[in-house]
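These are my notes from going through one model, entry by entry. I wrote down what I looked up and what I found.

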Amino acid sequence: MFETLKEQPADKILMLMQAFKEDPREQKIDLGVGVYKDASGNTPIMRAIKTAEQQLWQAETTKSYTGLAGDPAFGDAMIRLVLGDAVPRANVAAAAQPGGTGAVRQGFDLIRQANPGARVFVSDPTWPNHLSILKHMGIEMVPYRYFDDDTRGVAFDAMLEDIGQARKGDVVLLHGCCHNPTGANLNITQWKEVVASLQKTGATPMIDIAYQGFGDGLEDDAAATRLIASSLPECLIAASCSKNFGIYRERTGILMAVSQDAGAQKLNQGTLNYLNRQNFSFPPDHGARLVTMILNDDALRADWQAEVEDMRKLMLTLREQLASELQRLSGSDRFGFIAQHRGMFSRLGATPEQVEKMRVDHGIYMVGDSRLNIAGLNKTSVPILAQAIVDAGV
Ligand code: LMR
């Protein structure tokens with residue numbers, strides 16, 4: 001029967017990873033997949049993770065199953081990290097997931113369970129895997145305008161107009177911070193208007209927060225998520241630990257369902273447990289345990305926060321260096337948006353042909369929609385990229 005299978009479309013981001021690996025040029029620059037790199041181009045294991053792993057190796061006495069929703073201590077610690085005290089703990093159901101992607105997928109599954117006819121409103125553009133998973137699951141998606149090609153900022157009026165078309169029973173998927181792929185984000189006044197729109201339409205927000213700590217800091221980056229969770233009757237939150245704990249391959253994430261009261265929480269928790277059991281049974285534990293140890297230990301937490309802050313500042317510095325180099329070479333301010341964007345990515349606004357030219361001529365790899373991973377840069381590659389951008393006529 002397998003002969004009936006059809007070839008699936010390749011994932012753009014993963015394809016780029018492979019193409020970069022196969023490029024023999026020594027001077028090549030990888031600005032593709034969203035993985036943090038330090039100034040030497042390495043993706044280090046964070047100090048607090050290393051220490052927690054050593055402690056865990058000493059202390060762990062069993063590898064038996066945890067709970068269907070993962071270790072409850074992980075849920076508690078992550079709810080605090082993402083939501084602070086914005087909502088009572090008793091109103092939040094949570095289940096550990098295999099990474100942020102697992103959390104997104106499980107969130108869509110919960111939506112389908114609650115309302116098989118739900119439409120999911122997605123920003124245009126959004127992370128390509130959002131679209132691919134929704135398509136795979138047969139869930140209807142409705143794009144909402146998000147990026148202004150001229151200013152490279154958020155096309156906020158258009159966004160508001162489009163999400164205003166959502167109805168009760170629909171879902172509006174939002175990026176909590178550090179929008180992927182554009183790097184353009186709403187300010188808090190605009191988030192309040194989004195809340196007002198959701199209050200008016202009755203649509204349910206789902207927040208994907210995969211880069212907390214990489215934009216304006218751990219607390220500021222959670223502000224929109226907290227505002228939404230505390231202002232609306234219900235919301236879903238898919239949070240990832242891949243980037244801010246640097247544990248990509250451990251597959252560590254969490255799905256939260258926030259409701260008005262503890263009664264609804266019980267039903268939500270039961271559904272999350274059920275979905276885990278149907279899809280993979282118990283979630284992976286290793287990464288989640290390390291995250292819990294770090295968040296619950298003052299010294300480990302302080303060290304982790306300091307390292308996340310260093311990573312964030314390095315990305316900000318690279319943004320400023322690239323923007324000013326481009327200003328120098330182009331003699332114009334039109335690349336100033338790079339310093340305004342936040343998170344790991346910026347959408348440059350180059351055409352696919354210009355992106356291809358940079359790859360062919362300079363060995364610079366960025367996603368075809370001209371998303372570049374700022375963390376893939378360093379002092380040496382910033383001027384090379386800036387020159388390539390200008391040469392390509394962006
Ligand atoms: C990205 O957008 O590059 C990351 O989220 C990695 C991925 O899985 O696509």
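**Entry 1, S281.** I began with the burial of S281, and in this predicted model its relative accessibility is 14%, so S281 counts as buried, the cut-off for that class being under 20%. I then looked up its backbone, where phi is near 70°, a positive value in a residue other than glycine. As for its place in the chain, S281 sits in the loop that runs between helix 10 (262-279) and helix 11 (286-295).

**Entry 2, R251.** I looked up R251 next, which has a positive phi of about 55° although it is not a glycine. R251 belongs to the loop between strand 7 (235-240) and strand 8 (253-258), and with a relative accessible area of 31% I noted R251 as partly exposed.

**Entry 3, cis peptide bonds.** I then turned to omega, and found that the peptide bond from D124 to P125 is cis, with omega near 10°. I placed P125 in the loop between strand 3 (119-124) and helix 5 (128-137). The peptide bond from N180 to P181 is also cis, with omega near 25°, and P181 lies in the loop that connects strand 5 (171-175) and helix 7 (188-201). I kept N180 in mind for the following entry, since N180 is one of the residues around the ligand.

**Entry 4, the ligand.** Which residues are around the ligand? I listed I13, V33, G34, W127, N180, Y211, K243 and R371, and when I sorted this shell by class I got 4 nonpolar, 2 polar and 2 charged residues. I next looked up the polar contacts, where an oxygen atom of the ligand is 2.7 Å from a polar backbone atom of G34. For K243 I looked at the side chain, which has a polar atom 3.1 Å from an oxygen atom of the ligand, and for Y211 I found an N or O atom of the side chain 3.5 Å from a ligand oxygen. Taken alone, the ligand exposes 270 Å², and the protein buries 80% of that.

I also wanted to know where the ligand lies with respect to the domains. Residues of its shell come both from domain 1 (11-45 + 309-391) and from domain 2 (65-296), so the ligand lies between the two.

**Entry 5, pairs far apart in sequence.** I started with L372, which is in strand 11 (residues 371-373) and is buried, with a relative accessible area of 0%. L372 and G32 are 340 residues apart in sequence, yet I found their C-alpha atoms 6.2 Å apart in space.

For the next pair I took L83, which lies in helix 3 (residues 72-83) and counts as buried at 0% relative accessibility. Between L83 and A223 I noted 140 residues in sequence and 8.4 Å in space, C-alpha to C-alpha.

T66 is found in the loop between helix 2 (47-59) and helix 3, and I noted T66 as partly exposed, with a relative accessible area of 28%. T66 and P284 are 218 residues apart in sequence, with a C-alpha to C-alpha distance of 9.2 Å.

The last pair involves Q212, which lies in the loop between strand 6 (204-209) and helix 8 (218-221) and counts as buried at 3% relative accessibility. For Q212 and D85, 127 residues apart in sequence, I noted 16 Å from C-alpha to C-alpha.

**Entry 6, helix 14.** Which residues of helix 14 (residues 352-362) are buried? I found Q354, V355 and M358, and they cover an arc of only 105° around the axis, which puts them on the same side of helix 14. I set this beside the general geometry: an α-helix has 3.6 residues a turn, so residues three or four places apart point the same way. I then looked at the face of helix 14 turned away from its buried side, and noted that this face carries the exposed residues P352 and E353.

Methods
Residues numbered from 1 in each chain as written. Heavy atoms only, no water. Near = heavy atom within 4 Å. Polar contact = N/O pair within 3.5 Å; in protein donor to acceptor, adjacent residues only side chain to side chain. Areas by Shrake-Rupley, 256 points an atom, 1.4 Å probe, with all protein chains shown as cover. Nonpolar A, V, L, I, M, F, W, Y, C, P; charged D, E, K, R; others polar. Domains from an automatic or database assignment. Buried < 20%, exposed > 50% of the residue type's maximum accessible area, 1.4 Å probe, protein only. Helix = DSSP H or I, 4+ residues; strand = E, 2+ residues; numbered from the N terminus. Arc of directions from axis to C-beta.
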